[in-house]
Amino acid sequence: MSRSEPTPAAGTADPVDAARRLAATAAELAPEAERRRQLAEPLVSALGEAGLFRLCVPKAAGGLEVHPGTLTAAVRALAAGDASTAWCVAVGATSGLLAGYLPEEGVRALLTAPETMIAGVFAPKGSATAEAGGYRVSGRWPFASGCRHADWLMGGCVVDDGGTVRVLPNGMPDVRLVLAPAQTFTIHDTWRVVGLRATGSHDIELAGVHVPSELSASVFTDPPVQTGPLYAFPLFGLLALAISSVCLGIGRGALDDLVAIAGGKVPAGGRRTLAERATVQAEVARAEAAVRAAGALLDESIGEAWELAVGSGRVDEPRRAGLRLAATHAATAGLQATETAYRLGGGSAVYDSSPLQRRLRDVNAATQHMLVAPATWELTGRQLLGLPTDTTQL
């Protein structure tokens, strides 16, 4: 815990400890959850009761408003058990950031219970037309992770001002997030995929629904209502950190799975166990070092940015780039460690009974996310080289 990190509120269990405890349950339930393409309701309830969906909700509205390092540590711990569980928490927790931009009284009214969950999609796949008291919203958003468990759903929209799309000074469309009760949305069963199957990331749709102004905010032009350092943290940087933590946690879990079998598994035609083979020892050591180093860079980058958020109320571009660099590196390290563990696991790793095959599919699905995809290396590379860079989404 850094010197600027707030301690848990009195009476509140440490969310990282809760995540570690629930990771074992998530791992046990993972095969069935994958078949059903959604998490088990008792697990979702336990995650909510532990406050894991309220990590980024303001304390003034009943949330935990944690240090970003607490968010990433909790997600990594869960992902070591089950990636889909960690992914739903990452999405649910970061969706709670919107509460920091909304009127405090209204947020308290909608978050009526500790297990209340907000989920949704930041990508601007909808259109919001300004009208009296708010916006008329239509759109269809793919990748709505955890949508069947959510109480409130969110979608990103471009804003239609009388037939003209509202734009930012750089010419990009403004993006306004809108929040509505989950039952207002239509859920389309689309989530038939290779990995992260239990996230239930179906399409969600609104068709001409009025959303009050007080349940919407621009991620680019509206300042947060809350003044704590968490809301001075870069939004896209925090999202990237959460996604990359899933990937890094998968890598951690995959290495643990391999170690668990290496002492007893003797490959066909051999006499020594996997653990006794020098090549396996060297590869495991390299993968272990990579996962630990990626985690250390993640923590260091978060600490540097947090110090600025606490001290000045803003995070400068070099630190914002550092967050994105650490996030992409962590996602890559998690992917590579998982691939190593799966390959060393041998033929038995291909069976449904092996967690290694699920981890391999999950991490390859997770690293497809645009916030940790290979193109993000270019974004941070341009900034490091001093080239003109559009940092709107940094």
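User: Why is the crossing in which α8 passes α9 called left-handed?

Analyst: A crossing counts as left-handed if the near helix is turned anticlockwise from the far one by less than a right angle, and as right-handed if clockwise; in this model α8 passes α9 in the left-handed sense. The model is a predicted one, in which local features need pLDDT of at least 70 and side-chain atom pairs count only at pLDDT 80 or more, while totals for chains, interfaces and linings use all residues. Residues are numbered from 1 along each chain as its sequence is written, and side-chain values use heavy atoms, with hydrogens and water left out.

User: What makes α8 roughly antiparallel to α9?

Analyst: The two helices pack at an angle of about 155°, with their axes 9 Å apart. Angles over 145 degrees count as roughly antiparallel (under 35 as roughly parallel, 65 to 115 as roughly perpendicular, the rest as oblique), and α8 is therefore roughly antiparallel to α9. The axes are lines fitted to C-alpha atoms, for helices over the stretch in contact, and the angles run from 0 to 180 degrees between N-to-C directions.

User: How do you know how α7 and α8 are oriented to each other?

Analyst: The axes of α7 (residues 278–312) and α8 (residues 317–344) come within 9 Å and cross at roughly 160°, and the two helices are therefore roughly antiparallel to each other. The contact of α7 with α8 has 18 nonpolar, four polar and four charged residues, where Ala, Val, Leu, Ile, Met, Phe, Trp, Tyr, Cys and Pro count as nonpolar, Asp, Glu, Lys and Arg as charged, and the others, Gly among them, as polar. The crossing of α7 past α8 is left-handed.

User: Is α6 roughly parallel or antiparallel to α8?

Analyst: For α6 and α8 the packing angle is about 20°, with the axes 7 Å apart, and that makes α6 roughly parallel to α8. Here too a left-handed crossing is found, with α6 passing α8.

User: What makes β2 a partner of β1 and of β7?

Analyst: Strands (DSSP runs of E, at least two residues, as helices are runs of H or I, at least four) pair if DSSP finds at least two bridges between them. Six bridges join β1 to the antiparallel β2, and eight join β2 to β7 (residues 202–212), again antiparallel. Val137 stands opposite Ala128, and Val137 also stands opposite Val209 in β7. In the hairpin of β1 and β2, with two residues between the strands, Gly133 takes a positive phi near 80°.

User: Why is the largest open space called a pocket, and what lines it?

Analyst: On a 1 Å grid over the protein atoms alone, a pocket is an open set of points with protein on both sides within 12 Å along at least five of seven lines, whereas in a cavity a 1.4 Å probe fits but cannot get out. The largest pocket has a volume of about 900 Å³, the space filled by probe spheres set on the points. Its lining (residues with an atom within 4 Å of a point) has 37 residues, of which Val121, Ala123, Phe143, His369 and Met370 are the closest to its centre. By class the lining has 27 nonpolar, nine polar and one charged residues, and its largest share, six residues, comes from β1.
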